[in-house]
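This report goes through strand pairing, loop residues and helix packing in one chain. The sequence and the coordinates come first, and the description follows.

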Amino acid sequence: MELTDLYSDKIIEIAGNLPVTERLEAPDASARRVSRVCGSSVEVDLSLDDGIVSDYAHEVKACALGQTSASIMAQHIVGSTPDELRTLRTQMVAMLKADGPPPGDKWSDLKYLEPVKAFKPRHTSTLLVFEAVVDCLDQIEMQKAG
């Protein structure tokens, strides 16, 4: 598989539909992740209400793979639980690094990123948004723990 094969029409379509959001004024947490390989960056703001994501925003300066992950995240994160999002990150890491299956249900469009597993240098940019979201969840958990 060539690197150009990675950028399917579906990847380009999803990346091209990346929602533009305004940063949240008072998020419960914010986190930024950067790929040292390509310079892609994702910064997310997250708010929880009664253990469910109630608000989300992002600033994405990433390649098509990072944009695709961020686009799918933005479409489905509100209404998700921290456990669901932690599992999602674990599934994405397993899909890329351990030949695991892609996530299902509302996250099923992440299957279009499955070919990334053949391109190890692209794993980081693909995972940026998942790492940033889990970082936010960790921050919120630490705040609640005091």
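**Strand pairing**

Strand β1 (residues 29–34) and strand β2 (residues 41–49) run antiparallel and are joined by six bridges. The model in which this pairing appears is a predicted one. Within the pair, Ala31 has Val44 of β2 as its bridge partner, and Arg32 stands opposite Glu43 in β2. On the other pairing of β2, nine bridges join β2 to β3, and these two strands also run antiparallel. There, Val42 has Val60 of β3 as its bridge partner.

Taken together, the three strands make an open sheet with antiparallel pairing, in the order β1-β2-β3. The edge strands are β1 and β3 (52–61), each of which pairs on one side only. From one strand to the next, the twist averages 15°. Strands of a sheet pair through backbone hydrogen bonds, and the pairing can be parallel or antiparallel.

How many of the nine residues of β2 are buried? Seven of the nine are, and β2 is mostly covered. Asp45 is found in strand β2. With a relative accessibility of 1%, Asp45 counts as buried because the cut-off for buried is under 20%. Leaving aside neighbours within four places in sequence, Asp45 is in contact with Arg23, Leu24, Pro27, Ala29, Ser30, Asp55, Tyr56 and Ala57. Asp45 is also 24 residues from Ser69 in sequence, and the C-alpha to C-alpha separation of the two is 16 Å.

**Hairpins and loops**

The hairpin of β1 and β2 has six residues between the strands, and Gly39 in this hairpin takes a positive phi near 85°. Ser40 lies in the loop between β1 and β2. Is Ser40 buried or exposed? Its relative accessible area is 4%, so Ser40 is buried. Not counting residues up to four places away in sequence, Ser40 touches Arg33, Val34, Ser35, Lys61, Ala62, Cys63, Ser125 and Leu128.

The hairpin of β2 and β3 has two residues between the strands, and Asp50 in the turn has a positive phi of about 55°. Asp50 is a residue other than glycine. Most residues other than glycine have a negative phi. A positive phi also occurs at Asp99, where the value is about 60° although the residue is not a glycine. The two aspartates are set out below.

| Residue | Location | Phi | Relative accessibility |
|---|---|---|---|
| Asp50 | loop between β2 and β3 | near 55° | 76%, exposed |
| Asp99 | loop between α4 and α5 | about 60° | 60%, exposed |

Both rows carry the label exposed because the cut-off for exposed is over 50%: Asp50 has 76% relative accessibility, and Asp99 has a relative accessible area of 60%.

**Helix packing**

Helix α2 (residues 9–16) and helix α3 (residues 64–76) have axes that come within 8 Å and cross at roughly 60°. That angle makes α2 oblique to α3. The crossing in which α2 passes α3 is left-handed. On the α2 side, the contact is made by Ile11, Ile12, Ile14 and Ala15; on the α3 side, by Ala64, Leu65, Gln67, Thr68, Ser71 and Ile72. By class, the residues of this contact divide into seven nonpolar, three polar and no charged.

The second helix pair is helix α4 (residues 82–97) and helix α5 (residues 123–145), which pack at an angle of about 155° with axes 10 Å apart. This makes α4 roughly antiparallel to α5, because angles over 145 degrees count as roughly antiparallel. α4 passes α5 in a left-handed crossing.

Which residues of α4 and α5 meet? From α4 come Pro82, Leu85, Arg86, Leu88, Arg89, Met92, Val93, Leu96 and Lys97. From α5 come His123, Thr126, Leu127, Phe130, Glu131, Val133, Val134, Leu137, Asp138 and Glu141. The residues of the contact of α4 with α5 divide into eleven nonpolar, two polar and six charged. Among the charged residues in these lists are Arg86, Arg89 and Lys97 of α4, and Glu131, Asp138 and Glu141 of α5.

Technical notes. Residues are numbered from 1 along each chain as its sequence is written. This is a predicted model: local features need pLDDT of at least 70, side-chain atom pairs count only at pLDDT 80 or more; totals for chains, interfaces and linings use all residues. Side-chain values use heavy atoms; hydrogens and water are left out. Axes are lines fitted to C-alpha atoms, for helices over the stretch in contact, and angles run from 0 to 180 degrees between N-to-C directions. Helices (H or I, at least four residues) and strands (E, at least two) are DSSP runs, numbered from the N terminus. Angles under 35 degrees count as roughly parallel, over 145 as roughly antiparallel, 65 to 115 as roughly perpendicular and the rest as oblique. A crossing is left-handed if the near helix is turned anticlockwise from the far one by less than a right angle, and right-handed if clockwise. Contact means heavy atoms within 4.5 Å. Two strands pair if DSSP finds at least two bridges between them. Buried means under 20% relative accessible area, exposed over 50%, partly exposed in between (1.4 Å probe, protein chains only).
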